[in-house]
Amino acid sequence: MARRVHQPLEDQEFDFVLSMTTGPVLAYFCGSWPKALDACRAMDAIVAELAVEYGTRFTAVRTDMTRCPGPTRRYGVTGAPTAVLIEDGEAIATQAGPMTREEFRQFLDAHL
C-alpha cells in the first residue's frame, strides 16, 4: 500500500503533522516559481516512491515555501528544493538542491 505524502496548506497544518508523527519526518520544501517548479515536480515523484520503499521509517511532508513560511524560516531553508530530515522537531540533516533517486537514498540511509 502506498504511503501518503502530507501536503500542509499552512504553518499550523505543518506543525500539526509534526506533532502527530512519531519517528523521523522528511520535509521537502518546494517552490512554485518557474525556476524551482521542474526540480520540485521531480522530487515529488522520487519522494512518493521512496515513501513506499522505506515504509514506516519516515513520514513525508511536501512543504510549499510560500504557503508555509514559518517552517521554511525555522529550518533555514533558502531555496527549493531542499530536503530536511526532522526528528522531535529538530533538523538532523539538510540537503539543498535537486537530487537523483540514488542521491536521495544515500541521504536517507546516512541519517535514518
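**Close-up views of a predicted model**

**View A. Helix H2 and its buried residues.** Ala 36, Ala 39, Cys 40, Met 43, Ile 46, Val 47, Leu 50, Ala 51 and Tyr 54 of H2 are buried. Please keep in mind that this is a predicted model. Among the elements that cover these buried residues are strand S1 (25-30), S2 and helix H4 (101-111).

**View B. H2 from end to end.** Helix H2 takes in residues 34-54, 21 residues in total, so at 1.5 Å a residue a span of 30 Å is expected. The C-alpha atoms at its ends are indeed 30 Å apart, in agreement with that figure. Just after H2 comes Gly 55, with a positive phi near 60°.

**View C. The two sides of helix H1.** Within H1 (residues 11-20), the buried residues are Asp 11, Phe 14, Val 17 and Leu 18. They lie on the same side of H1, because the arc they cover around the axis is only 130°. Turn to the other side of H1 and you will find Gln 12, Phe 16, Ser 19 and Met 20 exposed. The cover over the buried residues of H1 includes S1, S2, helix H3 (69-74) and strand S3 (82-87).

**View D. Asp 64, a buried acidic residue in strand S2.** Asp 64 belongs to S2, which runs over residues 59-64. Although buried, Asp 64 has no salt bridge: Arg 67, the nearest side chain of opposite charge, is 4.8 Å away. The side chain of Asp 64 does, however, reach the backbone nitrogen of Arg 67, at 3.2 Å. Beyond its neighbours within four places in sequence, Asp 64 is in contact with Cys 30 and Ser 32.

Note on methods:
Residues are numbered from 1 along each chain as its sequence is written. This is a predicted model: local features need pLDDT of at least 70, side-chain atom pairs count only at pLDDT 80 or more; totals for chains, interfaces and linings use all residues. Side-chain values use heavy atoms; hydrogens and water are left out. Helices (H or I, at least four residues) and strands (E, at least two) are DSSP runs, numbered from the N terminus. Buried means under 20% relative accessible area, exposed over 50%, partly exposed in between (1.4 Å probe, protein chains only). Lys and Arg count as positive and Asp and Glu as negative; His and the chain ends are not counted. A salt bridge is a side-chain nitrogen of Lys or Arg within 4 Å of a carboxyl oxygen of Asp or Glu. A polar contact is a pair of N or O atoms within 3.5 Å; within protein, one must be able to donate a hydrogen and the other to accept it, and residues adjacent in sequence count only if both atoms are side-chain atoms. Contact means heavy atoms within 4.5 Å. The expected span of a helix is 1.5 Å times one less than its number of residues. The arc is that of the directions from the helix axis to the C-beta atoms.
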